Amino acid sequence: MVELRSLDLSNSQEVKSLVERVSSHYQGAVPMTERAVMSGSTRYFWAYLGKDCVGVSGYIPRTQTLAETVKTVVWPEHRGKGLGEALSQAIEDQVRKDGF
């Protein structure tokens with residue numbers, strides 16, 4: 001089971017690490033930047049399987065009842081194990097838990 005741990009926006013090194021990891025494994029239409037992450041408009045989570053960080057995901061609140069999941073990435077060394085599906089389910093559960 002994948003456990004989500006909220007990104008600590010007050011920790012600049014953690015934010016930098018997130019941006020570097022995602023940018024090296026995911027090429028979106030809009031590049032991820034530290035400034036964008038620090039804005040807090042997207043809520044990011046590290047994904048853990050036991051002690052191992054296996055990826056990242058996040059969501060953007062759109063309305064009081066709607067959130068869009070974004071940047072769901074499983075690190076390459078953990079791919080092929082069904083973790084993408086588990087991570088997608090975990091972020092959907094988190095969105096519901098947060099009231100969307």
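In this predicted model, helix H3 covers residues 83-97, and its 15 residues should span 21 Å at 1.5 Å a residue. The C-alpha atoms at the two ends of H3 are 20 Å apart, which agrees with that expectation. Six side chains deserve a look here: Leu83, Leu87, Ala90, Ile91, Gln94 and Val95 of H3 are buried. Viewed down the helix axis, the buried residues of H3 fall within an arc of 140°, so they line one face of the helix. The face turned away from this buried side carries Glu85 and Arg96, both exposed. As for partners, the buried residues of H3 pack against four strands, namely S1 (3-6), S2 (43-49), S3 (52-61) and S4 (67-74). After H3 comes Gly99, with a positive phi near 100°.

Helix H1 can be read in a similar way. With 14 residues (12-25), H1 should span 20 Å at 1.5 Å a residue, and its end C-alpha atoms are indeed 20 Å apart. The buried residues in H1 are Glu14, Val15, Leu18, Val19 and Val22. Around the axis these residues cover an arc of only 135°, which puts them on the same side of H1. Ser12 and Gln13, in contrast, are exposed on the other side of the helix. The buried residues of H1 pack against helix H2 (34-38) as well as strands S1, S2, S3 and S4.

The N-terminal end of H1 is capped by Asn11. Here a side-chain oxygen of Asn11 lies 3.0 Å from the backbone nitrogen of Gln13, a residue that is itself exposed.

Conventions:
Residues are numbered from 1 along each chain as its sequence is written. This is a predicted model: local features need pLDDT of at least 70, side-chain atom pairs count only at pLDDT 80 or more; totals for chains, interfaces and linings use all residues. Side-chain values use heavy atoms; hydrogens and water are left out. The expected span of a helix is 1.5 Å times one less than its number of residues. Buried means under 20% relative accessible area, exposed over 50%, partly exposed in between (1.4 Å probe, protein chains only). The arc is that of the directions from the helix axis to the C-beta atoms. Contact means heavy atoms within 4.5 Å. A polar contact is a pair of N or O atoms within 3.5 Å; within protein, one must be able to donate a hydrogen and the other to accept it, and residues adjacent in sequence count only if both atoms are side-chain atoms.
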